Every structure is written in structure tokens, then in C-alpha cells.
Amino acid sequence: QYPADTHTTLLIRHAKAGRKARYRGDDRLRPLEKSGRVQAEALVPLLLAFGAERVHAADRTRCEQTVAPLADELGVPVTEEPLLTEEAYSADPDAALDRMRSIAGRRRIHAVCSQGKVIPPLLKRWAELDGVPMPATRNRKGSIWVLSSYQGRLIALDHIPSPLPTVAE
């Protein structure tokens with residue numbers, strides 16, 4: 001049973017942006033591909049259903065584009081989060097975890113977009129520190145982690161694999 005004043009934070013892996021090896025130019029500027037833009041639009045009603053009010057993104061074009069439709073719908077800016085990029089996480093994982101805990105400790109519901117080499121290790125560390133079981137799941141592009149916290153401690157982790165309907169195989 002969880003306390004009534006549990007805080008929710010939504011952590012999103014950026015939508016599809018093609019392969020890094022095939023992109024010519026600065027990878028920080030790699031945009032979403034067409035299917036990624038569809039994913040980004042499909043995220044909006046789901047994130048709104050959780051009550052998202054504020055929007056953050058690692059300062060990578062693909063991360064910002066993933067949550068831009070939500071920010072547009074809410075009429076709020078996307079706050080850049082340089083500590084939540086893969087490079088920053090690799091250099092200082094403690095700073096990234098501290099930043100996520102800071103965002104999660106705020107009163108409003110925040111949607112945060114980051115990268116694939118940040119989310120699983122960051123959540124694993126946080127879950128271990130606070131004694132929360134981490135679901136065994138793949139961290140697919142466009143997926144959402146629903147983080148529940150109370151008084152700065154993580155108390156539950158849930159995962160939504162895609163905002164789009166899955167196709168039966």
C-alpha cells in the first residue's frame with residue numbers, strides 16, 4: 001500500500017531516430033525519423049493520462065523532439081537536461097541520479113526524456129538504493145517508465161513498452 005501523496009515521474013526513452021552509424025553529422029543533432037514522430041505524437045495522450053504538467057529532455061534533438069508534442073499540448077517549454085545525456089551519465093552517474101531525484105521530488109508531474117544508455121543503469125542504481133524491485137523488461141525506443149516516489153525515495157517502478165498498439169505475431 002502506497003501513501004496518498006506519492007509523486008509520479010514519467011521517464012521516456014526517446015522515440016526512433018534511425019541508426020547512429022548511418023547519420024551524417026553531429027549525433028547530438030540527430031532527429032527523429034518518421035516512425036519516431038508517430039511515436040512522439042502517440043505518447044501525448046498517455047502522458048496526459050498520467051497528469052504530466054512539466055517537460056524535460058536530455059539536450060539531444062531526438063529527446064527534445066520526442067516530448068515536443070507534449071510540451072506543445074501543455075503550452076510549456078521543454079527544460080533541457082544536460083546531465084541526462086549518455087555522455088554526462090557516463091562521466092558522472094551520481095550527478096544524473098541526483099538530478100532525476102530532484103525532478104522526482106517536485107510537486108508537479110514531470111515527463112523526462114533521455115537515452116537508452118542512461119535509463120536502465122540509472123533506474124537500476126536508484127532501485128537498488130531504495131530497495132525497489134526492477135521489472136525485467138526491454139527499454140525500447142518510445143517506452144515509458146512510471147516512477148512512484150515518496151519523500152524523495154523511489155517506492156515503485158512500472159514500465160509501458162510502447163504508446164502504440166502492439167501487433168500480434
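Which residue takes a positive phi in the hairpin of strand 5 and strand 6? Select Q151: in this predicted model, its phi is positive, near 50°. Two residues lie between the strands of that hairpin.

**The hairpin**

Extend the selection from Q151 to the strands on either side, strand 5 (144–150) and strand 6 (153–160). Strand 5 and strand 6 run antiparallel and are joined by seven bridges. To look at one of these pairs, pick S148 and go across to A156 in strand 6, its bridge partner.

**The whole sheet**

Now show every strand. Six strands form an open sheet in the order 3-2-4-1-5-6, and the pairing is mixed. At the edges are strand 3 and strand 6, each of which pairs on one side only. Neighbouring strands in this sheet are turned against each other by 25° on average, with direction ignored.

**Strand 2 and its two neighbours**

Select strand 2, residues 54–57, together with strand 4, residues 110–114. The two pair in the parallel sense over four bridges. Within strand 2, A57 has C113 of strand 4 as its bridge partner, and H56 has V112 of strand 4.

Stay on H56 and turn to strand 3, where T79 stands opposite. Strand 3 covers residues 78–80 and runs parallel to strand 2, with three bridges joining the two. To follow the connection, trace the chain from strand 2 through helix 2 (residues 61–74) to strand 3; this β-α-β crossover is right-handed.

**Helices on the sheet**

Keep helix 2 selected and add the strands again. Helix 2 packs on the sheet and touches strand 1 (7–13), strand 2, strand 3 and strand 4. Its direction makes about 165° with that of strand 2.

Next select helix 4, residues 93–104, which also packs on the sheet. The strands touched by helix 4 are strand 1, strand 2, strand 4 and strand 5. The direction of helix 4 makes about 135° with that of strand 1.

**Helix 1 against helix 2**

Return to helix 2 and add helix 1, residues 34–49. The axes of these two helices come within 8 Å and cross at roughly 50°. Helix 1 and helix 2 are therefore oblique to each other, and their crossing is right-handed.

Show the side chains at this contact. From helix 1, select A40, E41, L43, V44, L47 and L48; they meet Q65, T66, P69, L70, E73 and L74 in helix 2. By class, the residues of this contact divide into eight nonpolar, two polar and two charged.

**Helix 4 against helix 5**

For the last stop, select helix 4 with helix 5, residues 119–130. Their axes are 10 Å apart, and the helices pack at an angle of about 70°. Helix 4 and helix 5 are therefore roughly perpendicular to each other.

Which residues of helix 4 meet helix 5? Pick P93, D94, A96, L97, M100, R101 and A104. On the helix 5 side, the residues are L122, R125, W126, L129 and D130. The contact of helix 4 with helix 5 has eight nonpolar and four charged residues, and no polar ones.

Key
Residues numbered from 1 in each chain as written. Predicted model: local features only at pLDDT ≥ 70, side-chain atom pairs only at ≥ 80, totals over all residues. Heavy atoms only, no water. Pairing = 2+ DSSP bridges. Right-handed = clockwise from strand over helix to strand, strands pointing away. Axes fitted to C-alpha atoms, helices over the stretch in contact; angles between N-to-C directions. Parallel < 35°, antiparallel > 145°, perpendicular 65-115°, else oblique. Left-handed = near helix turned anticlockwise from the far one by under 90°. Contact = heavy atoms within 4.5 Å. Nonpolar A, V, L, I, M, F, W, Y, C, P; charged D, E, K, R; others polar.
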